[in-house]
Amino acid sequence: MVLWIIFPITLSLVSLIGTWTVYGLAFSNGHVCSLSDWGNGNFCQVNQSTGCCWVPTISSSGTYSPENSLFTATINAGSFLFLLFCIFHHAHIMEKHGCHSMLSKFALVFGVVAALGAFAAGNCNPRHLALPHYLGAAISFMCICFYTILLTALTRKCVLTGYEKVLYPLRITSTVVQIIITICYTVLFAQDKYYYLHLSAVFEWMLSVNLELFELSYAVEFCFFSSFMLSNLLSKRDEEKPLMMS
């Protein structure tokens, strides 16, 4: 059904609008520095948290009240929608190209773990629960890279729409960008100088936008998606249970 196209669009818009609204609130309240300010000498450090602004990462934008509530709600909604996205895409592959089920299952595992990592990061405030927050975020970023690689490989192997000749190079580009920027972000995030920390924050926002564009490209696949694919996936699972028991 064509109406399924709304799902990937909703997923992308919830993440895009939600995170940038959180940043806008944090900046207007003086909690984070401006993304366009590369020479701020008044940024907060570990031993200083008043009379200064934090490096404008996605995490720091959602640390303080009142924007932290919207941050948690956005991450929770985005994680849940992304989890459904992973399941729906797997059902689509299983229905049309069951021969690639193993590759699709690997992608599903990475997608589910990425969603759980993002959920943990969104519900653990970095000000009070820094370790689980950053651990969840790191797991999510890493699994997203593997997930985009596997979905791009499935785009090459599986004809779901007839537009794969256009979608495949776009997704290759998006995947390469995701991997390169993730590596750069990881290296720069561990630095002490504000310039490098600010650059890592810019890379983090680029990662977010790039992933949202990657998800948005699946609006094409969802034009050919149908709810009976989910019911078929569930019925196949029910058929496998007695075989496993025997």
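**Entry 1: contacts.** I looked up how the contacts in this predicted model are spread along the chain. Among contacts with a separation of 6 or more, 73% join residues 24 or more positions apart.

**Entry 2: elements.** I then listed the secondary structure and found nine helices and zero strands. Read from the N terminus, the order is α-α-α-α-α-α-α-α-α.

**Entry 3: burial and surface.** The chain has 246 residues, and I noted that 47% of them count as buried. For the surface I recorded an exposed area of about 12,400 Å², of which carbon and sulfur atoms supply 71%.

**Entry 4: a nonpolar patch.** Which residues make the nonpolar surface patch of about 580 Å²? I found Ile9, Leu13, Leu16, Ile17, Trp20, Leu213 and Leu216. Two helices, α1 (6-28) and α7 (194-216), each supply at least two residues of this patch. The most comes from α1, which gives five residues.

**Entry 5: Leu13.** I chose one patch member for a closer look. Leu13 lies in helix α1. Is Leu13 buried or partly exposed? Its relative accessibility is 42%, and partly exposed covers the range between under 20% (buried) and over 50% (exposed). Leu13 therefore counts as partly exposed.

**Entry 6: confidence.** Finally I checked pLDDT, the predictor's confidence in each residue. The chain average is 86, and 89% of the residues score at least 70. Over residues 238-246, however, pLDDT stays under 50. For that stretch the model has zero contacts beyond four places in sequence. Where pLDDT is low, the predicted coordinates should not be read in detail.

Methods. Residues numbered from 1 in each chain as written. Predicted model: local features only at pLDDT ≥ 70, side-chain atom pairs only at ≥ 80, totals over all residues. Heavy atoms only, no water. Patch = residues over 30% accessible without salt bridge, like charges linked within 9 Å, V, L, I, M, F, W, Y side chains within 5 Å. Areas by Shrake-Rupley, 256 points an atom, 1.4 Å probe, with all protein chains shown as cover. Salt bridge = Lys/Arg side-chain N within 4 Å of Asp/Glu carboxyl O. Helix = DSSP H or I, 4+ residues; strand = E, 2+ residues; numbered from the N terminus. Buried < 20%, exposed > 50% of the residue type's maximum accessible area, 1.4 Å probe, protein only. pLDDT = per-residue confidence, 0-100. Contact = heavy atoms within 4.5 Å.
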